[in-house]
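Hello,

Here is the structure I promised to pass on to you. Have a look at it first, and then read on for what turned up.

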Amino acid sequence: MKICIFGAGAIGGYMGAKLAQAGADVSLVARGPHLKAMREDGLRLIEESGETTVKVTASDDAADLGPQDYVIVTLKAHSVPPVVSKMQPLIGENTTIVSGVNGVPWWYFHKIGGPLEGTRLETVDPGNAQWDGFGPDRVLGCVVYPAAEVIAPGVVKHIEGNRFSLGEPDGSKSERALTLSKALADAGLRAPVRPKIRDEIWVKLWGNLSFNPISALTHATLDVLCTDPGTREVARNMMLEAHAIAEKLGVKFPIDVDRRIQGGADVGAHRTSMLQDLDQGRPMEIDALVGSVKELGRVTETPTPTIDTVLALVALRGRVAGLYGV
Ligand SMILES: NC(=O)C1=CN([C@@H]2O[C@H](COP(=O)(O)OP(=O)(O)OC[C@H]3O[C@@H](n4cnc5c(N)ncnc54)[C@H](OP(=O)(O)O)[C@@H]3O)[C@@H](O)[C@H]2O)C=CC1
Ligand SMILES: CC(C)(CO)C(=O)C(=O)O
C-alpha cells in the first residue's frame with residue numbers, strides 16, 4: 001500500500017517518520033532546505049521517548065512518486081488550492097485523499113444530505129480547485145490532534161498527542177478508512193474511524209476559530225487569553241455563534257463552550273499556530289479557521305457579529321504584516 005504525504009512539514013513529517021519507522025511504503029513531498037536535509041541526512045524525529053532518524057523517500061515533484069493508494073495532505077489550508085494540479089501524478093483510479101488540514105474542510109457539504117448537499121466554500125476552495133481537481137468522492141476526512149514543529153531543516157519535534165481521527169463524509173466504516181486506520185495504528189498512532197467526523201471537526205474548530213485570531217491580535221498565550229475576562233468573553237461569543245451555525249447543520253457537540261475554553265486554558269502557556277505564523281513571517285491560516293465560519297454563517301443565514309469583527313481585525317493584522325491576502 002503506497003502512502004504519500006504531501007506537505008511533510010511539522011504534522012506530515014511526524015506522521016511520515018512514524019510510518020517510515022514502522023516499515024510502511026511512504027513517500028514525502030516537501031521543498032527547500034527541509035527537503036534537502038531529509039534527502040541527505042534522513043528525517044529526524046524528536047519525541048519525549050527519544051530521537052530517531054529514518055531514511056525517507058522525498059521529492060518536490062509528485063511525478064517522481066507516481067500514483068498512490070493514499071495521499072495525505074498536510075499543507076497549510078491556503079497552500080492546497082495552488083498545488084492541486086502539481087498533485088495529479090499521485091492520483092490514480094482508486095486513490096484516496098486524506099485532508100489533514102485545520103479549519104472547515106472544502107468537502108464539508110459532500111454527502112451531507114439535505115438542501116445544502118454539494119455546496120462549495122469559496123474561502124477554503126477558491127474557484128473549486130479541490131472539488132474539481134480531486135473530486136470529493138476521493139476524500140476521507142481527518143481531524144489532526146498532535147502538535148509538532150519543524151525546528152530545523154529535516155528535524156521535526158513532536159510536542160504532544162498522537163490522534164488522527166478519520167471519517168468518511170457519509171459516516172460509513174469503509175474499507176479504505178479501516179485500512180488506513182490500521183496502517184497508522186501499526187505505526188504507533190491513534191486513528192479511530194468516526195461515524196460523525198463533522199462533529200469532531202467542529203469541536204477542534206471552536207478553538208482554532210477563536211483562540212488563534214485572539215492570540216494573533218493580543219500576542220497572549222492560551223492560558224492567558226482563555227482566563228482574561230475580556231478575551232474569554234470574546235472567544236465565548238465566537239464559539240456560541242459557531243455553535244448556532246453548526247446546530248443548523250446537524251452537529252451535536254459533546255461538550256459546552258465553557259468546557260472547551262477550560263480545555264484551552266489547561267494547555268498552558270502555548271502560542272497558537274496563528275501567533276507562531278505571525279511571529280515567524282509565515283502566511284496565516286485566516287480563511288480556513290475564521291473566514292470559512294463567517295461563510296457558513298451566510299450559508300445558514302446565521303448572524304456572526306463577533307466572528308465578523310474579529311475576522312476584520314485579524315485580516316487587517318495579517319495584511320499589514322504582509323502575511324494574508326497577498
Ligand atoms: N503543527 C501543528 O502542531 C498542528 C498543525 N495542524 C494543521 O496541520 C496542517 C499542517 O500544518 P503544519 O504541519 O504545522 O504546517 P507546516 O508548514 O509545518 O508543513 C507544511 C509543509 O509543506 C511544505 N509545502 C508548502 N507548499 C509546498 C509545495 N508546493 N510543495 C512541497 N512542499 C510544500 C511547507 O514548506 P515551506 O515551509 O517551505 O512553506 C512545509 O514544510 C495545517 O492545516 C495546520 O493548521 C493541526 C494541528 C497541529
Ligand atoms: C491553539 C490550538 C491548540 C487550539 O486552538 C491549536 O490547534 C493551534 O495552535 O492551532
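In this predicted model, the C-alpha centres of domain 1 and domain 2 lie 23 Å apart. The domain assignment puts residues 2-195 of the protein chain in domain 1 and residues 198-320 in domain 2. Where the two meet, 29 residues of domain 1 and 23 residues of domain 2 make the contact.

The size of an interface is often given as the accessible area lost when the parts come together. For domain 1 and domain 2, the buried area is about 2200 Å², and carbon and sulfur atoms give 58% of it. Which three residues give the most on the domain 1 side? They are Asn102, Tyr108 and Thr123, which supply 27% of the area that domain 1 buries against domain 2.

Asn102 also turns up at ligand 1, as one of the residues that come nearest to this ligand. Ile11, Arg31, Ala148 and Glu285 are the others in that group, out of 20 residues around ligand 1. By class, this shell has 11 nonpolar, five polar and four charged residues. Two elements that each supply at least two of its residues are helix α1 (10-21) and strand β9 (147-152).

You may like the polar contacts here, since they involve both backbone and side chain. Polar backbone atoms of Ala10 and of Ala148 are each placed 2.9 Å from an oxygen atom of ligand 1. From Glu285, a polar side-chain atom comes to 2.7 Å from an oxygen atom of the ligand. On its own, ligand 1 would expose 890 Å², and the protein buries 80% of that area.

Now for ligand 2. Its surroundings are made up of Lys204, Gly207, Asn208, Phe211, Asn212, Leu222, His270, Thr272 and Ser273. Which helix gives the largest share of this shell? That is α6 (residues 197-218), with five residues. Sorted by class, the shell of ligand 2 holds six polar residues, two nonpolar and one charged.

Three side chains from this shell have a polar atom close to an oxygen atom of ligand 2:

- Ser273, at 2.6 Å
- Asn208, at 3.0 Å
- His270, at 3.3 Å

Ligand 2 has 290 Å² of accessible area when taken alone, and the protein covers 82% of it.

If you want a place to start, try Asn102: this residue is among those nearest to ligand 1, and it is also one of the three that supply 27% of what domain 1 buries against domain 2.

Happy browsing, and write back with any questions.

Best wishes

Key. Residues are numbered from 1 along each chain as its sequence is written. Chains are lettered from A and ligands numbered from 1 in the order in which they are written. This is a predicted model: local features need pLDDT of at least 70, side-chain atom pairs count only at pLDDT 80 or more; totals for chains, interfaces and linings use all residues. Side-chain values use heavy atoms; hydrogens and water are left out. A residue is near a molecule or strand if one of its heavy atoms lies within 4 Å of it. A polar contact is a pair of N or O atoms within 3.5 Å; within protein, one must be able to donate a hydrogen and the other to accept it, and residues adjacent in sequence count only if both atoms are side-chain atoms. Accessible areas come from the Shrake-Rupley method with a 1.4 Å probe; for residues, only the protein chains shown count as cover. Helices (H or I, at least four residues) and strands (E, at least two) are DSSP runs, numbered from the N terminus. Ala, Val, Leu, Ile, Met, Phe, Trp, Tyr, Cys and Pro count as nonpolar, Asp, Glu, Lys and Arg as charged, and the others, Gly among them, as polar. Domain bounds come from an automatic or database domain assignment. Contact means heavy atoms within 4.5 Å. Buried area is the accessible area (1.4 Å probe) that two parts lose on being put together, summed over both.
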